[in-house]
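Visitor: I am new to this structure and would like to understand the terms used to describe it. Please take me through them one by one.

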Amino acid sequence: MSQAAHQRVFTSWGRVQRVAHTALGVSSRHAPLSLPDDGGTMLPFGNGRSYGDSNLNPGGALLLAGQLDRFIDFDPCTGLLRCEAGVLLSTILRLVVPQGWFLPVTPGTQFVTVGGAIANDVHGKNHHVAGSFGHHVTQLELLRSDGTRRVCSTAQHPDWFAATVGGLGLTGLITWAEIRLRRVVNPYMDAETIKFGSLEAFFELSQASERDHEYTVSWIDCAFTGKRLGRGLFSRANHAPAAMDLSLLPASLPSGVSETSRRVPITPPLSLINTLSLKAFNTLYFHKQRAEVVRSVQHYRPFFYPLDALLEWNRIYGPNGFHQYQCVIPPDEALPVTRRLLHTIAHSGQGSFLAVLKQFGAPPSHGMLSFPQPGTTLALDFPNVGPRLHRLFEELDRIVLAAGGRLYAAKDGRMGPALFQSGYPRWREFADYVDPRFSSGLWRRVSETKT
């Protein structure tokens with residue numbers, strides 16, 4: 001075994017699986033890969049923010065790609081940033097926001113690596129305007145297990161670029177990437193939050209907001225049927241302009257603005273999320289805003305990353321962890337199918353207080369396995385209660401499959417081959433680009449074929 005290798009137990013953000021792996025160090029972007037001595041497979045591992053098993057490789061090794069954490073170059077005049085793949089988005093923001101730049105696309109946490117953002121082709125609240133993260137990667141370097149290196153972009157090795165963006169870390173190790181940032185004039189967001197009482201109202205608000213607002217997203221109550229089905233809070237925002245009246249700012253900024261965050265100190269013996277707590281929380285959360293419309297000026301951190309203010313919040317689901325279920329439904333079926341999904345969830349007596357509903361736009365993704373496609377995406381977290389939850393997921397799977405939708409691999413820990421292969425029709429083409437020494441729990445599960 002290599003001197004850089006040691007045994008460690010790894011888990012993903014959902015904390016459902018805890019698996020011992022051989023951990024292989026990555027000392028430098030210039031160095032060759034350390035290969036497992038037993039001839040087995042490996043997989044890059046960044047900051048562990050994927051929810052299921054797309055970042056785990058049971059029975060194999062993990063490459064600790066988070067060790068590649070250096071900046072290479074930044075031009076404050078053009079906003080072109082080159083850095084190693086293990087640099088966190090939070091680290092980029094600390095560097096570039098004071099210089100008038102911002103990430104063009106960001107997911108709901110700033111604690112993901114650049115390599116992870118590319119491998120999962122993450123999306124944000126502005127897909128209808130900016131597309132996904134891969135749209136803003138101008139080039140990257142891919143290191144394969146045979147020692148070959150490729151600098152890839154839409155113009156140079158475009159097929160390898162398409163396989164690597166959204167490729168779940170399976171095409172090789174991304175050593176560095178170059179990203180084009182977007183201009184901002186201050187760190188604030190000009191935001192509105194609007195209460196709505198039905199799914200129809202959500203779709204009307206989305207359509208009305210997309211032209212004038214870069215960011216749109218909705219929290220939705222998935223705990224109730226009847227008249228309360230589909231109610232929620234719709235948020236829309238733009239980066240605050242230079243002429244913005246900053247007197248709208250509160251006297252003290254929210255705790256999420258601080259570089260230090262509170263932490264969930266222990267894992268409780270049972271999940272704190274259950275049917276009773278869920279309904280109570282969702283009712284309080286919906287009614288916490290008394291006015292129909294509230295306008296505010298917010299620092300970017302609480303707007304984009306509200307959960308980052310509570311470190312290790314995934315512990316609240318107890319020792320069994322949780323699953324996230326995120327799907328996207330094509331536009332023509334979005335309203336009735338979303339209603340059916342919410343009704344099925346509420347009727348099951350299970351649900352999520354972290355339920356997010358938003359629209360994807362038209363920009364086609366660069367990646368062969370990229371998740372975003374035109375339509376409506378619904379994301380929900382569920383305590384891992386075993387067979388009862390899996391029966392619900394099977395019902396949801398049938399609804400998504402019949403509608404021509406797909407699940408997000410970065411959030412998944414249990415979908416079968418049929419749903420994956422239907423949702424990602426280019427998966428066979430992608431398989432030709434998988435490095436023969438790279439694999440993951442998810443890939444082995446979803447790439448199975450009937451013989």
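Visitor: Why is isoleucine 174 called buried or exposed, whichever applies?

Guide: Buried means under 20% relative accessible area, exposed over 50%, and partly exposed in between, with a 1.4 Å probe and protein chains only. Isoleucine 174 has a relative accessibility of 8%, so it counts as buried. This is a predicted model, in which local features need pLDDT of at least 70 and side-chain atom pairs count only at pLDDT 80 or more, while totals for chains, interfaces and linings use all residues. Residues are numbered from 1 along each chain as its sequence is written, and side-chain values use heavy atoms, with hydrogens and water left out.

Visitor: Where does isoleucine 174 lie, and what does it touch?

Guide: Isoleucine 174 is part of strand β10, residues 173–180; strands (E, at least two residues) and helices (H or I, at least four) are DSSP runs numbered from the N terminus. Contact means heavy atoms within 4.5 Å. Leaving aside residues up to four places away in sequence, isoleucine 174 touches residues including Leu68, Ala85, Ile118 and Leu142.

Visitor: What makes the phi of leucine 168 worth a remark?

Guide: Most residues other than glycine have a negative phi. Leucine 168 is not a glycine, yet has a positive phi of about 60°. It is located in the loop between α4 and β10, and its relative accessible area of 8% makes it buried.

Visitor: Why does histidine 157 count as buried, exposed or partly exposed, whichever applies?

Guide: The relative accessibility of histidine 157 is 35%, so this residue counts as partly exposed. Histidine 157 sits in the loop between β9 (149–152) and α4 (158–164) and has a positive phi of about 50°.

Visitor: How do you know whether α8 is roughly parallel or antiparallel to α9?

Guide: The axes of α8 (residues 334–348) and α9 (residues 387–402) come within 10 Å and cross at roughly 165°. That makes the two helices roughly antiparallel, because angles over 145 degrees count as roughly antiparallel, under 35 as roughly parallel, 65 to 115 as roughly perpendicular and the rest as oblique. Among the residues that meet are Leu341 and Ile345 in α8 and Leu392 and Ile399 in α9.

Visitor: What makes the protein as compact as a globular protein of its length?

Guide: The protein has 12 helices and 21 strands. Its radius of gyration is 21 Å, close to the 22 Å that the globule rule gives for 451 residues, so it is as compact as a globular protein of that length. The radius is taken over C-alpha atoms, and the rule is 2.2 Å times the number of residues to the power 0.38.

Technical notes: Axes are lines fitted to C-alpha atoms, for helices over the stretch in contact, and angles run from 0 to 180 degrees between N-to-C directions.
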